Amino acid sequence: MKELIQQNKFDELKFALQNSNSQLKIHQVLARALNGNHLEETDYGFEANMYQEEFLEGFDLYKVLNKSEIPQNQLQEYKIALTFLVFKMGGFIKLLADKTMQQGLYLSQVENVYKVDPSLRNELQAFIDLLKETNDVQAIANTSAAKAQISLSVADLLEKYEIGQDMLQFARGYEDAGLKDEATRIYINILSDFECESAKTSSNLFPEITHVDTRSNEEIEIFEKAKSRFETITGANLPTIKRVRPDNDANAEKLVEAVDKHEISLEVEENYPISFWDRVKRFFS
């Protein structure tokens, strides 16, 4: 099929798709798009247990189609279907992850039941990057949201900063799509979780205190980007907190003791989710 696309032989491609024994719905979607049909969401027919396979095959074809001479209206019809598939896939995987977490397990621990393809996040990012070339803000927002959901669903397999990067992209996607309030909420969650630990637990009644910052450079970068976007959207200026990196100050660890002496413990209601993942999962609910 890819060879036919590369040769711009779309009549032959339609014939091949219509006479294929493939069980993948994405092939039928492409065939109908090539026939100039407008498809509704109910026409796609994607099945939840095949979402990943449908997307990986569908995107593999999209990458070639995007470089071909396919009429733009037909490519757009196919892209809309692929974006819809991505959004449904993200929600489905997140739902499975939530269900397994209720049993005290990560989704990665029940691969005999359902396995997230290791290449899925990279392929989703490649799709987002292609969408950015045409500034398709709605598709970027939906696909970024789906990738963030999937990253949260396999959080135990990722570094914290990797999930933070996806959350930043998710927030920016919503921001660019005009969903400022939703983007602000995501930025707030990122700021809360990517602040240094001593600052997070501080009462802030003593602004002169310097906090020991043990975050990685990647985590600091995520925090600063979220802070910049939050201030841009809201027009608010967040207070400056004094921080010092242990590797930059031989006496930095001593500051921890000084902070502890002045720290006022805060009571947190039992039903208030203080972890980043709980907050974000509640956002998706």
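Let me start with one residue, Tyr 44, which is buried, with a relative accessible area of 4%. Before I go on, a reminder that what we have here is a predicted model.

So what does Tyr 44 pair with, and how are the rings set? Its partner is Phe 84. The two ring centres are 5.2 Å apart and the planes sit at 50 degrees, so this pair counts as tilted. Tilted is the class for planes that are neither under 30 degrees apart nor over 60. What I like about this pair is where the two residues come from. Tyr 44 belongs to helix α4, residues 41–44, while Phe 84 belongs to helix α6, residues 72–102. That is 40 residues apart, so to speak of the pair as a link between distant parts of the chain is fair.

Okay, staying with α6 for a moment. Phe 92 is in that helix too, and its ring pairs with the ring of Tyr 114. Here the centres are 5.7 Å apart and the planes are at 80 degrees, so we call this one edge-to-face. Tyr 114 sits in the loop between α6 and α7, with α7 covering 120–133. Again the pair links distant parts of the chain, this time 22 residues apart. Buried or exposed? Both Phe 92 and Tyr 114 are buried.

Those are two examples from a longer list: the search of the whole structure turns up 11 aromatic pairs. There is also a cluster, made of Phe 55, Phe 59, Tyr 62, Tyr 78 and Phe 127.

While we are on rings, two charges deserve a mention. Lys 160 lies over the face of Phe 194, at 4.9 Å from the ring centre. Arg 215 does the same kind of thing with Phe 223, lying over its face at 5.0 Å from the ring centre.

Next, some buried spots with small side chains. Gly 58 is in helix α5, residues 51–65, and it is buried, with a relative accessible area of 0%. Which residue did I check it against? Leu 24, which is 34 residues away along the chain, with 9.1 Å between the two C-alpha atoms. Ala 81 is in helix α6, and Ala 81 is buried as well, at a relative accessible area of 0%. Its C-alpha is separated by 8.0 Å from that of Leu 39, and those two are 42 residues apart along the chain.

For contrast, take Asn 217 in helix α12. At 55% relative accessibility, Asn 217 counts as exposed. Even so, there is a long-range neighbour to report: the C-alpha atoms of Asn 217 and Tyr 161 are separated by 9.3 Å, with their positions 56 residues apart along the chain.

Now helix α2, residues 10–18. Which of its residues are buried? They are Phe 10, Leu 13, Lys 14 and Leu 17. Yes, there is a lysine in that list. These buried residues cover an arc of only 100 degrees around the axis, which puts them on the same side of α2. The face turned away from that buried side carries Asp 11 and Phe 15, both exposed.

Just ahead of α2 we meet an unusual backbone angle to look at. Asn 8, in the loop between α1 (2–6) and α2, has phi near 60 degrees, a positive value in a residue other than glycine. At 26% relative accessibility, Asn 8 counts as partly exposed. Another asparagine has a positive phi too: Asn 135, near 55 degrees. Asn 135 is in the loop between α7 and α8, and at 55% relative accessibility it counts as exposed.

Last topic, the second largest pocket. About 340 Å³ of space lies in it. It is lined by 17 residues, and the closest to its centre are Lys 132, Leu 168, Gln 169, Arg 172 and Gly 173. Which elements give two or more residues to the lining? Those are α8 (137–153), α9 (160–176) and α12 (217–234). Helix α9 gives the largest share, 6 residues. What is the lining made of, by class? It has 5 nonpolar, 5 polar and 7 charged residues.

That's my tour, happy to take questions.

Note on methods. Residues numbered from 1 in each chain as written. Predicted model: local features only at pLDDT ≥ 70, side-chain atom pairs only at ≥ 80, totals over all residues. Heavy atoms only, no water. Phe/Tyr/Trp six-rings, centres within 6.5 Å; stacked < 30°, edge-to-face > 60°. Helix = DSSP H or I, 4+ residues; strand = E, 2+ residues; numbered from the N terminus. Buried < 20%, exposed > 50% of the residue type's maximum accessible area, 1.4 Å probe, protein only. Lys NZ or Arg CZ within 6 Å of the ring centre and 35° of its normal. 1 Å grid on protein atoms, 1.4 Å probe; cavity = no way out; pocket = protein on both sides within 12 Å on 5 of 7 lines; lining within 4 Å. Points joined across faces, edges and corners; volume = space filled by probe spheres on them. Nonpolar A, V, L, I, M, F, W, Y, C, P; charged D, E, K, R; others polar. Arc of directions from axis to C-beta.
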